[in-house]
Amino acid sequence: MVRSLVDLLTQHAAHHPDRTAYRHLVTGDCDGEIQEISYGPLAARSRAVAAWLQGRGLAGTRAMLLYPPGLEFICGYLGCLAAGVVAVPGVPPQGRVHNHRALTRMKRLIADADAKVILGDRAVITALSGMAAQLPELADITCVATEDIPDEASAAWREPDLTADSVAFLQYTSGSTSAPRGVMVTHKNLLDNERILTESMGHTPDTIEEYGHEMFVSWLPVYHDMGLIGPVLNTVYLGVTATLFSPLHFLQRPQRWLTAISRYRPHTSGGPNFAYELCLKHTGPELLDGLDLSSWKVAVNGAEPVRAATLRRFTETFAPAGFRREALHPCYGLAESTLMVTGSTAHTAPTLLQPAESGPHAGQTDAATVSCGRPGRHVTVVIADPQRHEELPDGEVGEIWVRGASVAKGYWRNALATRETFRATLAGHEGRFLRTGDLGFLHHGELFVTGRLKDLIVIDGRNHYPQDLELTAEMAHPALRPGCTAAFSVDATGTGAGGEQPVIVAEVAPDAAPEGEKITDVVRGEIGEAHGLSVRDVVLVEPGTIPKTSSGKIQRHATRAAYLNGTLAAVPAPDPS
């Protein structure tokens, strides 16, 4: 009986030790340096790390994982699982001066998890040793570069005393509307969610054989659930091969993603909606002529609102390279349910629901709502009234509630939040539900996500979803960067307007400053016409300055706070002289 991913890794190492498990494109380029590890050495390295942890009596404690992109993270993570140590993936120190926000988050995670050891590579451990003043917490924590643990240490490894309910790792939430919380993901949760992911994406034995085990290409950060549970752990779950490279290398040259897919011809690859937009922005005829995307059967799109316009434009642009609309795979998930909750049907074009003909976007195909697919097998999704705790009928918007074996154990050392989020009861249903905090509706069994409950803008008794206002703003003028706009409301009492009014904060290129007044006027006009709203303020800010979560979601609450505090990095107005 398989109890954990450790058991599956042991099986793969025994049956096909020489099969490549992971390859890492060190520079992000297919013709650059490439590092590979096959299943035999992967199992040995994982056991060596596990034996080192066991030998120091760390079983049952938490280990912070601070690695740059690469194969060493995978060995460290699987080593924790093999030792019965709870892994806590985090963002490593970056560059000579660590970003203040990232450093604050790292300190918070170390303290909250009560980490007893930090695992990293040599560069990270060296960097940490020079951060004693900023991180006094390190004084009582053992830090080790796992590549310094010899392979021979694996001989001392012993099987951990694991049960299905043992916590495998803590996945800290992105914190788009609150402080990050550690989600306790068990070994049972992991195995069940890998099953759901496998079934949703059509990773059948026949398909794996057809693809020669080349199933994934991914640049997604491995410290985030989408990059970890999907391409990294589904690879070891199935015994297949994944090609990985750094998120930074993708952001520097988005073409690298498409080039890697064309070169290694995987079945599955994906990212948030903004990744597809970046590819569209940076693709020219020369790149298209050299691409072959015909092998790409599942193009995952999740972690942020899926835009109908993006799906249409991506399909039209890359059809000459063999990309098909049926490959588009919008999905919905969250850390509290390990990862995946719903997903589109593999090899079937996603469902789009057109807005009512009387609505403000009547006749605009790109304003359609995109389905995130159907719940995985043995997963129950209901739409509930968040106040009355009653199920709502088909088509009515409410809070998305989830039940199933992938739903995590709760929040680490936070009984109150666990009770509020993981222990909800619903009239007419047995068992407990996970309250996601997301809004959506069901239509013929498919889930359509409409927004976040706490981000909802209510003006004059009418509900407005911030992502709708953000999309309208971004479509109003080409100077606005896709996926880099935040909409929220502020109290306008005392200004003569009364009540709440919306504010739009949008990133633009600095050279757009001379057009600033024109841009803001266009945005105001479009939102007024499309949503019937009078915008209190439109603020244009420098690129990369709107707060985002680790998965790239807009942090609207943090943006609102910066707006109210006057700390936004606004693009300077042109000098009238």
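**Overall architecture and the setting of Thr-436**

In the predicted model, the protein comprises 17 helices and 27 strands. Its radius of gyration is 24 Å, close to the 25 Å that the globule rule gives for 577 residues, so the protein is as compact as a globular protein of that length. Along the principal axes, the C-alpha atoms fill a box of roughly 75 × 60 × 55 Å.

Of the 577 residues, 58% count as buried, and the area that the protein exposes amounts to about 23600 Å², of which carbon and sulfur atoms supply 50%. Among the contacts with a sequence separation of 6 or more, 72% are accounted for by residues 24 or more positions apart. With regard to charge, the protein carries 50 positive and 64 negative charges, and the mean positions of these two sets are 5 Å apart.

At the level of a single residue, Thr-436 was examined within strand E21, which spans residues 434-443. The relative accessibility of Thr-436 is 6%, and this residue therefore counts as buried, the cut-off being under 20%. When residues up to four places away in sequence are left aside, Thr-436 touches Tyr-332, Leu-334, Glu-399, Ile-400, Val-402 and Arg-452. Of these neighbours, Ile-400 also presents its backbone oxygen to the threonine, this atom lying 2.7 Å from a polar atom of the side chain of Thr-436.

Terms used. Residues are numbered from 1 along each chain as its sequence is written. This is a predicted model: local features need pLDDT of at least 70, side-chain atom pairs count only at pLDDT 80 or more; totals for chains, interfaces and linings use all residues. Side-chain values use heavy atoms; hydrogens and water are left out. Helices (H or I, at least four residues) and strands (E, at least two) are DSSP runs, numbered from the N terminus. Buried means under 20% relative accessible area, exposed over 50%, partly exposed in between (1.4 Å probe, protein chains only). A polar contact is a pair of N or O atoms within 3.5 Å; within protein, one must be able to donate a hydrogen and the other to accept it, and residues adjacent in sequence count only if both atoms are side-chain atoms. Contact means heavy atoms within 4.5 Å. The radius of gyration is taken over C-alpha atoms; the globule rule is 2.2 Å times the number of residues to the power 0.38. Accessible areas come from the Shrake-Rupley method with a 1.4 Å probe; for residues, only the protein chains shown count as cover. Lys and Arg count as positive and Asp and Glu as negative; His and the chain ends are not counted. The place of a charge is taken as NZ of Lys, CZ of Arg, CG of Asp or CD of Glu.
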